[in-house]
Amino acid sequence: MTAANGLKRLGLALVAVLAVGTAVYLTANVLISADAVRRQVLSEIRSVTGLEPTLNGAATVSLFPTGSVSFADVTLGDAKRPALTAERLTARLRFFPLLTGRVEISDVALERPTIAIDVERDGNTNWSGLIAALTRSQAKGVRVAAFSEMRIENGTVLVHSPSQKVDEVLAGVEFSLAWPSISKSFGATGLLIWHDAPLDVTMTLGDFPAALAGNRSGLKVRIAGKPMKAAFEGAISVKPTLKIEGTLAADTTSIRNALVWAGQKPLPGGGFGHFAIKAHANVMGGTIGLNNVNLELDGNTAEGVLTFATDGRKTLQGTLASDSLDLTPYVSTVRLLTANQRDWNSGPITLDGLSGMDLDLRLSAAKVAMSNAKIGRTAIAANLHGGHLVVTVGEAQAYGGVIRGSLTLANFTSGVDVKSQLQFNGVDLESCLGQLFGLHRLEGKGNLSFAVEGEGNSVLGITRTLNGTANLVGEKGALAGLNVEQLLRRLERRPLSGGGEFRTGRTPFDKITMALKIDKGMATVEDVKIEGSAVRLALAGTASIPEREVDLKGTATLVSTERPNATAFELPFIVQGSWDDPIMLPDPEALIRRSGAAAPLLNAVRDQRARDAARSVIERFMGAQSPAIPAAEQSTVPAGAAKP
């Protein structure tokens, strides 16, 4: 009995609901017509937004179960340059006002709209007239009954600015606009897709009417996505010119990938991973100034100021200071030598990423690490313009000394152009020459300077076109892997005893001087002198930079400490082979002359008659037949000598 009563009550409730719904539908149709609803909805939209939509399609009205009005094919703005086109505009109506015959909009939805923003050279857009109308509408005062939400469903935003060379598409726009019906604030929250990456975007204007009029208004922006995250909180105004000021924060797991995602060319070299910045931003016109900058890049931190100009060519200027910098990630892909450390790298050099913008940056650091090199206090300046990069080293404490100079890299069609003017003062020659050129045979302290230039599409190609000069002065060092004193003393005692093993020791020196002139990759040794307490060396010849080989001739002098007035032992020699493992060979004729027993033999073989006689005796002893002597030479055969 109880169950039956329950079913009966449920049935009565359903009947009551249907009756009320039917009554509402009939009442609404009696009190208000469909045409009146359409007119009042358009009037409400014009009143709130100040915009006059153009209806190109059919309009439908639904009053039950919920009230709504839909307009197909809606356009805003000039027909030739429409600011907005939508497949459908739907306005949902409040329920209870309909019962009294009034039409009030609850919210408005734009289905698959296309929003076009065309920016002219004077800064005006195809939205200028619509914004002016919207400004006039907001200036009329607050309307409590106005709708407070507008939704954009599956929209597309097209941004076109020929003067700024901007042509962007924002797809998949799903936004909810909090229209200022009661308060002055305006909010926009939603999702969009830019360059195939979804972004969550939130924006709030503290005073919407003031912002529309170009006056100062509070501004908050949040952007979050896989490529990057950014946030800004401050104020904005556009009269008399665009001005934005406030706190900016941004970070990304890879600044390299973020720049590529934003449409920039890939940066050359390595590094440019995790990036974070926090600063006080001040935007005036097309210039973005960043003060109190705290920047982090690949684990390096720096402070300073930055300025980014967008008028004309994009330019970044600034000054940064850091306690410690690790530049290893950026030079890790720069390899002068191949893996075996014996040949120049023939891999292509690309500097395409340097042509996207201009740069004028000054950087100072207390400590710098670069691969295996540890550099002390450093001050450098980098200037990039039109793909030409100039790095000026004001001072860098490295290799136990100080480096000053400049390095220029310029990109051209078939490769790069390199110019360098550097001075190394008081540096450790072994570590300096070893890391720069792969030379590990020279020890000591010294000064090195060179001014060279070349061009090519690889390190090897550049060495083949290299021109310039190089000078070296060192002291209190040694030639590693070469014991010249041991060789000279052995040959002084026994000239024909052979060189023996002398390439495992060292040749100390008090001073070394070297002057080179480089022409198309070939270095001419104009002056090389090595002076030590036991040995003096003088060298001349050539060295091939591309092949990393030397061909030198010189004289080694053994300085006698036991007999100061005695004649010094001198030995001509040649040095040939690779830079890393050259071969030093004494002059054989000088050794034979030095030997008392072999000197007569050398004089004998220089005489034709004696040489022929000796050859005849040797051939008879060996049992070989002597070749016929030409008639012209028979008269020179000594008497008693064997004839053929």
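Two strands count as paired if DSSP finds at least two bridges between them. Keep that in mind for the first exercise; the model you're looking at is a predicted one.

**Exercise 1. Work out how strands S24, S25 and S26 are joined, and in which sense they run.**

Start with S25 (residues 506-519) and S26 (residues 522-531): they share 9 bridges. The cut-off is at least two bridges, so these strands pair, and they do it in the antiparallel sense. For a residue to click on, take Ile 512, whose bridge partner in S26 is Ile 530.

Next, look at what links the two strands. S25 and S26 make a hairpin with 2 residues between them. In that turn, Lys 520 has a positive phi of about 55°.

Now turn to S24 (residues 467-480). It is antiparallel to S25, and 12 bridges join the two. Ala 470, for one, has Leu 516 of S25 as its bridge partner.

**Exercise 2. Find the residues that touch the most other members of the largest nonpolar core, then follow Ile 277 outward.**

The largest nonpolar core holds 64 residues, and the ones touching the most other members are Val 41, Phe 175, Leu 192 and Ile 277. Strand S4 (residues 82-93) gives the most to this core, namely 6 residues.

Now pick out Ile 277 and skip its neighbours within four places in sequence. Its contacts include Leu 248, Ala 249 and Ala 250 on one side of the numbering, and Leu 290, Val 293, Asn 294, Leu 295 and Leu 306 on the other.

Finally, don't stop at one core. Another lies apart from it, with 61 residues, among them Trp 344, Ala 365, Ile 375 and Leu 571. Trp 344 has a further partner to check: the charged end of Arg 548 sits over its ring, 4.9 Å from the centre.

**Exercise 3. Classify the Phe 186–Phe 208 and Trp 194–Trp 261 ring pairs, and say whether each residue is buried or exposed.**

The aromatic pairs in the model number 4; here are two of them.

Phe pair first. The ring centres of Phe 186 and Phe 208 are 4.6 Å apart and the planes sit at 15°, so this pair is stacked. Phe 186 belongs to strand S8 (residues 186-194) and Phe 208 to helix H5 (residues 208-212), so the pair ties together parts 22 residues apart in sequence. Phe 186 has a relative accessibility of 8%, so it counts as buried. Phe 208, at 6%, counts as buried too.

Trp pair second. For Trp 194 and Trp 261 the centres are 4.8 Å apart, but the planes are at 75°, so call it edge-to-face. Trp 194 is in strand S8 and Trp 261 in helix H6 (residues 255-261), which makes this a link between distant parts of the chain, 67 residues apart. Trp 194 comes in at 18% relative accessibility, which counts as buried, and Trp 261 at 12% is also buried.

**Exercise 4. Sketch the whole chain in numbers and decide where to read with care.**

Begin with the inventory: 14 helices and 30 strands. Of the 644 residues, 36% are buried. Among contacts with a separation of 6 or more, 47% are between residues 24 or more positions apart.

Then check confidence. The chain averages a pLDDT of 80, and 78% of residues score at least 70. Over residues 621-644, though, the pLDDT is below 50, and this stretch has 12 contacts beyond near neighbours in sequence. Where pLDDT is low, predicted coordinates shouldn't be read in detail.

How values were computed: Residues are numbered from 1 along each chain as its sequence is written. This is a predicted model: local features need pLDDT of at least 70, side-chain atom pairs count only at pLDDT 80 or more; totals for chains, interfaces and linings use all residues. Side-chain values use heavy atoms; hydrogens and water are left out. A nonpolar core is a set of buried Ala, Val, Leu, Ile, Met, Phe, Trp, Tyr and Cys residues joined through side-chain atoms within 4.5 Å. Buried means under 20% relative accessible area, exposed over 50%, partly exposed in between (1.4 Å probe, protein chains only). Helices (H or I, at least four residues) and strands (E, at least two) are DSSP runs, numbered from the N terminus. Contact means heavy atoms within 4.5 Å. Rings of Phe, Tyr and Trp (its six-membered ring) pair if their centres lie within 6.5 Å; planes under 30 degrees apart count as stacked, over 60 as edge-to-face and the rest as tilted. A charge sits over a ring if NZ of Lys or CZ of Arg is within 6 Å of the ring centre and within 35 degrees of the ring normal. pLDDT is the predictor's confidence in each residue, from 0 to 100.
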